[in-house]
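Here are my notes on the model, point by point. They cover the interface, the salt bridges and the cysteines.

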Amino acid sequence: MGYVLSREAFAAVIADLSKNYRIFAPVRKEGAGRFTDVDAVIYDYVCDSEKIELEAKSDYASKEFLTPLSETLLYFTENEVKESDLDTRPVLVFGRSCDINSLKRLDQIYLDNGLAKDPFYKRRRDLVKYVLIGCGHSYDNCFCVSMESNKCDDGYVFSIDLVEDNIQSNVPDKDFDKYFAQHCNDKKDVAPRYVKENEVKVAVPDSVPLSVITDALWDEYTTRCINCGRCNYVCPTCTCYTMQDVFYSDNGKVGERRRVGASCMVDGYTDVAGGGQYRRKNGERMRFKVLHKISDFKKRFGYHMCVGCGRCDDICPEYISFSNIIGKVYQASKEVK
Amino acid sequence: MGKLDINVGKLKKNAFRYSKVRGETASRIRIPGGVIDSKSMGRVVEIAEKYGTGVINITNRQGIEIPGIKLTDMEKVNAEVQLIIDSLRINQPEKGKGYPSSGTRNVIACPGARLCPFGCYDTTAFAQKMENNIFPNDRHVKIAFTGCSNDCAKVRMADFGIIGMTEPQYNKDRCVACKACINFCKRRSVGALELVNGKVVRDTDKCIGCGVCVAYCPTRAWTRSREHYFRLVIMGRTGKKNPRLAEDFIKWADEESILKMVKNTYAYIEEYIDPNAVEHKEHIGYIVDRTGFEEFKKWLFEGVNLGPKAEVNQRVYWGGRHYDKYGG
């Protein structure tokens with residue numbers, strides 16, 4: 001069923017929803033950007049529809065509910081361990097098509113990559129339903145059409161499109177009809193908007209020959225990239241984490257285990273016992289990241305990891321374009337054939 | 001050239017230079033904050049071509065001097081300068097008569113947060129606000145604004161140097177211990193951060209509020225404070241007697257207090273300026289030297305309510321060379 005709502009009616013829907021759900025949505029954080037008086041669009045919990053940023057692409061991805069940047073998993077003392085508490089109220093995560101398509105990748109890594117399912121991921125995953133924010137247009141650096149994640153036919157309970165100051169919602173999940181039916185201004189069939197063409201188009205090679213690994217194309221990134229890891233932290237499909245076992249300083253017998261986001265670009269990622277480090281150069285790290293996103297993951301799971309949201313390009317302080325690198329890899333792969 | 005009969009004192013206070021070339025002057029265009037619109041710049045060019053020699057000097061304090069102007073053309077130049085004065089929103093008691101004063105020097109500013117990634121506040125806007133707060137004024141005071149502790153505007157050579165600060169806000173839930181802030185604070189700033197149990201601890205005494213941690217944080221664990229803060233450094237100077245750098249006076253000061261303290265300084269000058277000073281000019285720093293810092297401070301703080309974060313250095317000691325006492 002589809003609905004048309006005024007801003008006020010939409011506010012009433014969100015207010016009702018937030019009685020039963022925690023709403024995790026992109027929020028414009030005033031002055032939270034890198035530079036003075038520059039905003040950042042970051043995910044947070046909201047109860048008020050006005051707080052939800054429906055226009056701009058978020059700087060950071062929606063994965064932060066499922067895989068928080070920092071999460072305490074358990075507490076330990078002497079012979080006892082206690083799993084950390086988790087708010088078990090159901091959660092609605094607002095995301096664009098790229099975000100919802102990224103969910104399949106996150107599930108793949110945490111739930112369907114070997115025998116064990118990650119319990120700390122799963123306990124969050126079980127709480128989540130997704131809300132689709134339609135894309136009326138493509139944003140800077142988006143290349144979702146090339147990565148076939150510009151559209152999602154399912155995987156969301158309702159959609160939101162801001163069209164001329166009205167909200168249009170398609171509600172495929174019948175459980176959510178009641179929220180809309182009582183506040184809507186009009187009922188009509190609406191389809192979530194999606195992007196049919198991006199300015200940025202990439203050709204992804206079907207397979208990447210081994211010779212690309214030693215190709216000179218990576219060399220420039222050894223000096224251009226500053227290995228800050230922003231590209232990873234904003235990426236909706238990056239899943240790497242590292243652990244912190246911490247002992248409270250005033251009582252060394254008590255502590256906690258944390259899981260924090262990790263980046264394959266940042267120092268320490270490939271450190272091994274004895275002082276070894278597999279990828280010292282930033283160019284090597286870039287190669288690993290890019291090939292993981294558009295080749296290695298596919299070899300294992302049959303589809304690309306990258307969803308083409310372009311957030312890595314948006315945030316790179318050194319103006320390195322990931323989509324441009326895909327193009328270079330495509331060229332280098334073609335030359336070999 | 002006919003008979004010249006010029007009131008040189010008046011000429012100087014009207015922002016014209018006394019030139020070594022007899023019969024000539026230079027028109028001084030004061031540009032608060034160093035930002036001028038391109039139309040006004042075009043007018044500067046026109047004046048230089050029409051009344052000067054087609055040459056424009058960019059001054060040390062972000063002003064412009066148009067040299068080679070005939071003393072007899074001053075009134076015409078003043079008429080043409082009016083549109084520039086209007087556009088720069090200079091306080092002026094009488095239109096068409098040029099800049100009304102020249103004693104207090106142009107308030108300068110680095111590009112600040114309008115442009116610079118490290119700028120902690122809009123330096124241009126604050127400089128323009130300061131200009132309106134104190135001009136027209138003939139007292140010898142130099143004020144300079146810089147966006148961050150890099151001090152590109154060299155505010156430590158001014159009587160009032162305003163250095164932008166931000167109080168870094170830490171959200172530990174967004175911190176992944178990548179150590180970018182720690183490394184960059186150490187390499188580019190003062191090394192006020194350390195990792196304790198996987199999270200970052202900031203030494204608040206050591207922190208200079210430069211914002212380097214915020215700029216390098218890849219996850220927005222570090223963000224800037226909503227309030228813009230300032231370090232106020234005072235009484236730096238160049239010159240013959242006792243050149244010295246400005247010293248720290250207040251850390252985490254606020255905009256309103258700074259405006260008020262500078263305004264108060266002028267009342268203090270009126271009270272204590274040497275009545276026999278050469279050309280009735282005495283540099284503020286030397287007046288403070290004479291009355292003592294405690295007396296100056298009394299005047300400075302009149303009606304000022306510093307914010308709760310402000311840390312005042314109650315005893316300020318200046319160094320520098322004392323050529324007037326110990327020779328060169």
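1. The interface in numbers. This is a predicted model. Across the interface of chain B and chain A, 14 residue pairs are in polar contact, both partners being at pLDDT 80 or more. On the side of chain B that touches chain A, helix 6 (residues 212-216) of chain B gives the most, with three residues. That side of chain B divides into 13 nonpolar, six polar and seven charged residues.

2. Extent of the contact. In all, 26 residues of chain B are in contact with 25 residues of chain A. The two chains bury about 2,000 Å² between them. Of this area, 50% is on carbon and sulfur atoms.

3. Charge pairs between the chains. How many salt bridges are counted between chain B and chain A? The count is two. One joins the side chains of Arg226(B) and Glu30(A), at 3.6 Å from N to O.

4. Salt bridges overall. The search of the whole structure finds 49 over all chains. Three pairs and one network are taken up below.

5. Glu83(A) and Arg123(A). These two residues form a salt bridge, with the closest N and O atoms 3.2 Å apart. Glu83(A) lies in strand 5 (residues 80-83) of chain A and Arg123(A) in helix 3 (residues 119-125) of chain A, so the pair ties together parts that are 40 residues apart in sequence. Glu83(A) is partly exposed, at 45% relative accessible area. Arg123(A) counts as buried, at 16%.

6. A network in chain A. The Glu83(A) and Arg123(A) pair does not stand by itself: Glu71(A), Glu83(A), Arg123(A) and Arg124(A) are linked in a network of salt bridges.

7. Glu65(B) and Arg17(B). Here the closest N and O atoms of the salt bridge are 2.8 Å apart. Which parts of chain B does the pair tie together? Glu65(B) is in strand 4 (residues 64-70) of chain B and Arg17(B) is in strand 1 (residues 16-18) of chain B, so the parts tied together are 48 residues apart in sequence. Glu65(B) is buried, with a relative accessible area of 8%. Arg17(B) is partly exposed, at 38%.

8. Lys298(B) and Glu295(B). This salt bridge has its closest N and O atoms 2.9 Å apart. Both residues lie in helix 9 (residues 293-300) of chain B. They are three residues apart, about one turn of the helix. Is each end buried or exposed? Lys298(B) counts as exposed, at 56% relative accessibility. Glu295(B) counts as buried, at 18%.

9. Cysteines. The structure holds zero disulfides over all chains. Cys152(A) is in no disulfide, and the nearest cysteine sulfur, that of Cys135(A), is 9.1 Å away. Cys152(A) is buried, with a relative accessible area of 11%.

10. A second cysteine in chain A. Why does Cys240(A) have no bond to Cys264(A)? The sulfur of Cys264(A) is the closest cysteine sulfur to that of Cys240(A), but at 6.2 Å it is too far for a bond. The cut-off for a disulfide is 2.5 Å between sulfur atoms. Cys240(A) is partly exposed, at 35% relative accessible area.

Methods
Residues are numbered from 1 along each chain as its sequence is written. Chains are lettered from A and ligands numbered from 1 in the order in which they are written. This is a predicted model: local features need pLDDT of at least 70, side-chain atom pairs count only at pLDDT 80 or more; totals for chains, interfaces and linings use all residues. Side-chain values use heavy atoms; hydrogens and water are left out. Contact means heavy atoms within 4.5 Å. Buried area is the accessible area (1.4 Å probe) that two parts lose on being put together, summed over both. A salt bridge is a side-chain nitrogen of Lys or Arg within 4 Å of a carboxyl oxygen of Asp or Glu. A polar contact is a pair of N or O atoms within 3.5 Å; within protein, one must be able to donate a hydrogen and the other to accept it, and residues adjacent in sequence count only if both atoms are side-chain atoms. Helices (H or I, at least four residues) and strands (E, at least two) are DSSP runs, numbered from the N terminus. Ala, Val, Leu, Ile, Met, Phe, Trp, Tyr, Cys and Pro count as nonpolar, Asp, Glu, Lys and Arg as charged, and the others, Gly among them, as polar. Buried means under 20% relative accessible area, exposed over 50%, partly exposed in between (1.4 Å probe, protein chains only).
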